[in-house]
Amino acid sequence: MADFKRLPGFRDFPPEDLALRAHVFDAWRRVAIRYGFREYDGPPVEPLDLYVEKSGEEIVGQLYNFEDKGGRTVSLRPEMTPSLARILGDRSRGMAKPIRWFTIPQLFRYERQQRGRLREHYQWNVDIVGEESAAADAEVLAVAIDGLRELGLGVDDFRARVSDRRLLTALLGAVGVQDDRLPAAFAVIDKIERMPEDKARGRLLDEVDLDDAGADRLRALLECSSLTELRNQFGERDAVRDALAPLEEYAAILDAMGMGDFVKLDLKIVRGLAYYTGIVFELFDAQGELRAICGGGRYDRLLELVGGEPLPAVGFGMGDVVLGELLAERDLVPPYRPHVDYFLVVIGQEQRSHALGIATRLRAQGRSVAYPLRDQSVRKQFKAAENEGARTVLVLGPDEAAEGIVVARDMATGQERRIAPDALE
Ligand code: HAM
């Protein structure tokens, strides 16, 4: 027989694994709804062009693309943001702003195999469209932070590292990076933490055209984690001052929400995707051992770029893979417990239609009910009841039927009651 193996980078979800996924999704959904977001979805396959250029080289190199039977070049969705832009492009004009939408799609990227990165993952996307104030940026970060808090993680477990592409652009100008070298500088900074020091320096000299002193200034700048210090050092430059204002407002809002401790300025956060235009952020485990749990930011030009109304937008994607690793590390994965309200132990074939009547009535009342699908010994049936996690076992035998009752055994306490089937609830 053929040996059908699971493809590398994909997961099976047997019930015990699906339970964790459902636990995470439920928390995400509760939090999004608490902040007034509405759930949406879109197709898992999109025209390839939706991603080319808009998402950036890195993601385009990882696309699951193919030609469909109608000769269209298409791709499985590697991220949700271009779909959101496309979906709103068709309908945003008549909609009240800001638009607050969330979704939990499964996404596909042909990634190099590494810890925390698979070829499919689920990603909670939360976006606000049609609002350009820093309050919207702060609101989406608050949702991300609360999404993790809802799962039991706290300030000892994770941090949001925040930057702003407008601020970084202004600061790079201040340390001597020429305008035409900005994209190269962004690309190096995006990877600088995962690069050996000499390689980083080499790239700053060759690709960003800095001299040794300029490279030193840039390295020192990237270590600065205080807005006040940036204002003191570079505040006389208009571009820096203008770019600092939204971040200062953002920090003040998050402080007022009691979330300041989670947030850290980190100019090394650039984000790999091409469309970001303002504040950007990533959430990491506090020890900094895992890959990013979440990434997002402001993308004010994407909607227009895909042919829609020119609307400012901000949002994030939080993946389930690294989050699952962190929850396991912190012992925050709830134990898997199958559960049914009732398991019927049916003694003798003649009791079967009686059992079916009881099961049907209880199910109509919303109870979960299981029973053996064929004749079995009482011992085996009790074993099955345990396996199913039955709260109560109902014993239906000829003696009980003659008396017009069932025996209901509470599986936690072992206590038994004799009860008329109609009185069960
Ligand atoms: P992203 O940074 O590419 O952003 O992905 C967001 C998160 O999804 C990552 O931090 C990570 O947790 C998870 N993730 C990404 N790729 C993989 C993978 N191969 N395996 C496991 N997890 C992964 C975006 O996708 C943006 N579209 C987010 C966004 C929404 N920006 C604005 N709105």
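Visitor: Which residue in β4 does E46 stand opposite?
Guide: This is a predicted model. Strand β2 covers residues 45-47, and β4 covers residues 73-76. Across from E46, in β4, stands S75.

Visitor: How many bridges join β2 to β4, and which way do the two strands run?
Guide: Strands of a sheet pair through backbone hydrogen bonds, either parallel or antiparallel. Here β2 and β4 are joined by three bridges, and they run antiparallel.

Visitor: What is the strand order in the open sheet?
Guide: The sheet has three strands, with antiparallel pairing. Its edge strands are β2 and β3 (65-67), each pairing on one side only. From one strand to the next, the twist averages 35 degrees. The order is β2-β4-β3.

Visitor: Are the axes of α7 and α8 perpendicular or oblique to each other?
Guide: Helix α7 spans residues 197-206 and helix α8 spans residues 212-222. Their axes come within 10 Å and cross at roughly 120 degrees. Roughly perpendicular ends at 115. The two helices are therefore oblique.

Visitor: Is the crossing of α7 and α8 left-handed or right-handed?
Guide: The helices in question are α7 (residues 197-206) and α8 (residues 212-222). Where α7 passes α8, the crossing is right-handed.

Visitor: How do the residues of the α7 contact with α8 divide into nonpolar, polar and charged?
Guide: From α7 come E197, A200, R201, L204 and L205. They meet D212, A215, D216, L218 and R219 in α8. The contact divides into five nonpolar, no polar and five charged.

How values were computed. Residues are numbered from 1 along each chain as its sequence is written. This is a predicted model: local features need pLDDT of at least 70, side-chain atom pairs count only at pLDDT 80 or more; totals for chains, interfaces and linings use all residues. Side-chain values use heavy atoms; hydrogens and water are left out. Two strands pair if DSSP finds at least two bridges between them. Helices (H or I, at least four residues) and strands (E, at least two) are DSSP runs, numbered from the N terminus. Axes are lines fitted to C-alpha atoms, for helices over the stretch in contact, and angles run from 0 to 180 degrees between N-to-C directions. Angles under 35 degrees count as roughly parallel, over 145 as roughly antiparallel, 65 to 115 as roughly perpendicular and the rest as oblique. A crossing is left-handed if the near helix is turned anticlockwise from the far one by less than a right angle, and right-handed if clockwise. Contact means heavy atoms within 4.5 Å. Ala, Val, Leu, Ile, Met, Phe, Trp, Tyr, Cys and Pro count as nonpolar, Asp, Glu, Lys and Arg as charged, and the others, Gly among them, as polar.
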